[in-house]
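Visitor: Before we begin, I should like to see the chain and its coordinates. I shall then ask on what grounds each term is applied.

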Amino acid sequence: MKFKMRENGFETNVEYGKLIVSGNEEYGFRPYQLLVSSIAVCSGGVLRKVLTKKRMAFSDIEVTADVTRNEKGAQEIQRIHLHFIITGEDLEEGKVEKSLEVTRKNCSMVQSVKGSIEITETFEIRKTE
């Protein structure tokens, strides 16, 4: 990836389109937002694949990320808590828990920050309406 400096940040062109990154959210995505998004969406995507492979019937996955940053340092991310809301039929709590363990081991973004950012997960199951 090649990033070009602009007046209020940097930009790059990727397959999907232009990505603008700035320390000021008025001008683009903030770096920490992209990092948290990468971890949350990677985890959600891997979980989706795991549930599908296990033939578990689900219709939706929602991921909420609660971020803790160091107020005294460089505002680095210290912890990210991911909460998954999985909507489906006949989802067994034990099987979902095991699926999250597999997800954690296979999400490249979680593995990339292992040892530097604490990642925790919880989940809830909702029945399809």
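Guide: The conversation below sets computed values against the definitions behind them.

Visitor: What kind of model is this, and how are residues numbered?

Guide: This is a predicted model, in which local features need pLDDT of at least 70, side-chain atom pairs count only at pLDDT 80 or more, and totals for chains, interfaces and linings use all residues. Residues are numbered from 1 along each chain as its sequence is written, and side-chain values use heavy atoms, with hydrogens and water left out.

Visitor: How many helices and strands does the chain have, and how do you know where each runs?

Guide: The chain has 3 helices and 6 strands. Helices (H or I, at least four residues) and strands (E, at least two) are DSSP runs, numbered from the N terminus. Along the sequence they follow the pattern β-β-β-α-β-β-α-α-β. The C-alpha atoms fill a box of roughly 55 × 35 × 25 Å, taken along the principal axes.

Visitor: What makes β2 and β3 a pair of strands?

Guide: Two strands pair if DSSP finds at least two bridges between them. Strand β2 (residues 9-14) and strand β3 (residues 17-21) are joined by 5 bridges and run antiparallel, so the criterion of at least two is met. N13 has K18 as its bridge partner in β3, and V14 has G17. The two strands form a hairpin with 2 residues between them.

Visitor: Why are β1 and β3 called edge strands?

Guide: The order β1-β2-β3 describes an open sheet of 3 strands with antiparallel pairing. β1 (4-6) and β3 are its edge strands, as each pairs on one side only. Neighbouring strands of this sheet are turned by 30° against each other on average, direction ignored; the axes behind such angles are lines fitted to C-alpha atoms, for helices over the stretch in contact, and angles run from 0 to 180 degrees between N-to-C directions.

Visitor: Is T12 buried or exposed, and how do you know?

Guide: T12 is found in strand β2. Buried means under 20% relative accessible area, exposed over 50%, and partly exposed in between (1.4 Å probe, protein chains only). T12 has a relative accessible area of 4%, and therefore counts as buried. Leaving aside neighbours within four places in sequence, T12 is in contact (heavy atoms within 4.5 Å) with M1, K2, F3, G17, K18 and L19.

Visitor: What makes the approach of T12 to K2 a polar contact?

Guide: A polar contact is a pair of N or O atoms within 3.5 Å; within protein, one must be able to donate a hydrogen and the other to accept it, and residues adjacent in sequence count only if both atoms are side-chain atoms. The side chain of T12 reaches the backbone oxygen of K2 at 2.7 Å, so the distance lies within the 3.5 Å limit.

Visitor: How does the span of α1 stand against the expected one?

Guide: The expected span of a helix is 1.5 Å times one less than its number of residues. α1 has 23 residues and reaches 33 Å from its first C-alpha to its last, close to the 33 Å expected. Right after α1 comes R55, with a positive phi near 60°.

Visitor: Why is S43 called buried, and what does S43 touch?

Guide: S43, found in helix α1, has 2% relative accessibility and so counts as buried. Not counting residues up to four places away in sequence, S43 touches L82, F84, T103, C107 and V110. The cover over the buried residues of α1 includes β4, β5, α2, α3 and β6.

Visitor: What makes a set of residues a nonpolar core?

Guide: A nonpolar core is a set of buried Ala, Val, Leu, Ile, Met, Phe, Trp, Tyr and Cys residues joined through side-chain atoms within 4.5 Å. The largest such core here has 23 residues, and those with the most contacts inside it are I39, I80, L82, F84, I86 and I119. α1 gives this core its largest share, 8 residues.

Visitor: Why are Q75 and D90 placed in separate classes of exposure?

Guide: Q75 has a relative accessible area of 31% and is therefore partly exposed, whereas D90, at 66%, is exposed. Q75 is found in the loop between β4 (58-69) and β5, and D90 in the loop between β5 and α2. Phi is positive in both, near 65° for Q75 and near 55° for D90. Most residues other than glycine have a negative phi.
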